[in-house]
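I opened my notebook to look up how helices meet and where space is left inside a protein. Here is what I had on screen.

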Amino acid sequence: MQVRRGVDGRRMRGEQRRGELLRATLAVVERDGVAGVSHRAVAAEADVSVASITYHFPTLDDLLVDALTWAAEDLAAELHEWGSELGARPADELARVIEHSLGRRRGRTLAVYELYLYAARRPDLREVAGAWLEPLTEIARAFTADPHKARLLVAALDGLLLQALIGAHEVAPADLSALLEVLR
């Protein structure tokens, strides 16, 4: 008898279901914040039973940790893609990244910052939350060769994004130009 080696269909379906549940968790975070996440809320968002959620994520902490990890990895991949496409006018591309983060992806940006702050209270999550800083720093290196200035640019962009998310300050292209000029 020959044993077939290949992809385990159950494992693949399980990973697919986990991904769906993590996307549903982020949707709940986008809508209600981290405080609104419960097994019941995620089950309702994903249109599955609570038992399905608890099978994959026995505790709420498991769900939030995995959602943070998944969101950070997803954002890092997206930022790597943006960074590789900066082109001849990187300041314009940076403005597009900011506009995209505050426009079409506003909910996801808000959710990532919610989870980012959640990690501030959890030392074991800080490395995961900080994972998306590296691709941002790579993008910042397109504007300055000084590593210290690149980190400052990332910190300033964080501040601009947070201010824009709460409606305290709208990010204008002139703001980015002025910021980049200061850091050159």
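**Entry: H6 and H9**

Which residues in H6 meet which residues in H9? I noted first that this is a predicted model. Then I looked up the contact. From H6 I listed Arg106, Thr109, Leu110, Tyr113 and Tyr116. From H9 I listed Asp158, Leu161, Leu162, Ala164 and Leu165. I sorted the residues of this contact by class and got 7 nonpolar, 1 polar and 2 charged.

Next I looked up the geometry. H6 covers residues 106-120 and H9 covers residues 147-165. The two helices pack at an angle of about 115 degrees, and their axes are 11 Å apart. Angles of 65 to 115 degrees count as roughly perpendicular, so H6 is roughly perpendicular to H9. I wrote down the hand of the crossing too: H6 and H9 cross left-handed.

**Entry: H8 and H9**

I turned to another partner of H9. Helix H8 takes in residues 133-140. At what angle do the axes of H8 and H9 cross? I read roughly 115 degrees, with the axes coming within 8 Å. That angle makes H8 roughly perpendicular to H9. This crossing is right-handed.

I listed the contact residues. Leu133, Leu136, Thr137 and Ala140 are on the H8 side. Ala150, Leu153, Val154 and Asp158 are on the H9 side. I counted 6 nonpolar, 1 polar and 1 charged in this contact. I marked Asp158 in my notes, as Asp158 meets H6 and Asp158 also meets H8.

**Entry: the largest cavity**

Then I searched for empty space. Rolling a probe the size of a water molecule over the atoms shows where such space is left. How many cavities of 30 Å³ or more does the whole structure hold? My search found 2.

The largest cavity has a volume of about 210 Å³. I found 18 residues lining it, and the closest to its centre are Leu75, Leu79, Ser101, Thr109 and Trp132. Helix H4 (60-84), helix H5 (90-102), H6 and H9 each give two or more residues to this lining. H5 has the largest share, with 5 residues. By class I noted 12 nonpolar, 3 polar and 3 charged residues in the lining. Thr109 appears twice in my notes: Thr109 is in the contact of H6 with H9, and Thr109 lines the largest cavity.

**Entry: the second largest cavity**

I moved on to the second largest cavity, with about 40 Å³ of space. Its lining is Leu68, Ala71, Ala72, Val112, Leu115, Tyr116, Ala129 and Trp132. H4 and H6 are the elements that give two or more residues to it. I counted 8 nonpolar residues in this lining, no polar and no charged. I had met Trp132 already, among the residues closest to the centre of the largest cavity.

**Entry: the largest pocket**

Last, I looked up the largest pocket. Its volume is about 150 Å³. Which residues line it? I wrote down Ala95, Ile98, Glu99, Leu102, Ala164, Glu170, Val171, Ala172, Pro173 and Leu176. H5 and helix H10 (173-183) give two or more residues each. H5 gives the most, with 4 residues. The classes here are 8 nonpolar, no polar and 2 charged. I closed with a note on Ala164: this residue of H9 meets H6, and Ala164 also lines the largest pocket.

Technical notes
Residues are numbered from 1 along each chain as its sequence is written. This is a predicted model: local features need pLDDT of at least 70, side-chain atom pairs count only at pLDDT 80 or more; totals for chains, interfaces and linings use all residues. Side-chain values use heavy atoms; hydrogens and water are left out. Axes are lines fitted to C-alpha atoms, for helices over the stretch in contact, and angles run from 0 to 180 degrees between N-to-C directions. Angles under 35 degrees count as roughly parallel, over 145 as roughly antiparallel, 65 to 115 as roughly perpendicular and the rest as oblique. A crossing is left-handed if the near helix is turned anticlockwise from the far one by less than a right angle, and right-handed if clockwise. Contact means heavy atoms within 4.5 Å. Ala, Val, Leu, Ile, Met, Phe, Trp, Tyr, Cys and Pro count as nonpolar, Asp, Glu, Lys and Arg as charged, and the others, Gly among them, as polar. On a 1 Å grid over the protein atoms alone, a cavity is a set of points where a 1.4 Å probe fits but cannot get out, and a pocket is an open set with protein on both sides within 12 Å along at least five of seven lines; lining residues have an atom within 4 Å of a point. Grid points are joined across faces, edges and corners, and a volume is the space filled by probe spheres set on the points.
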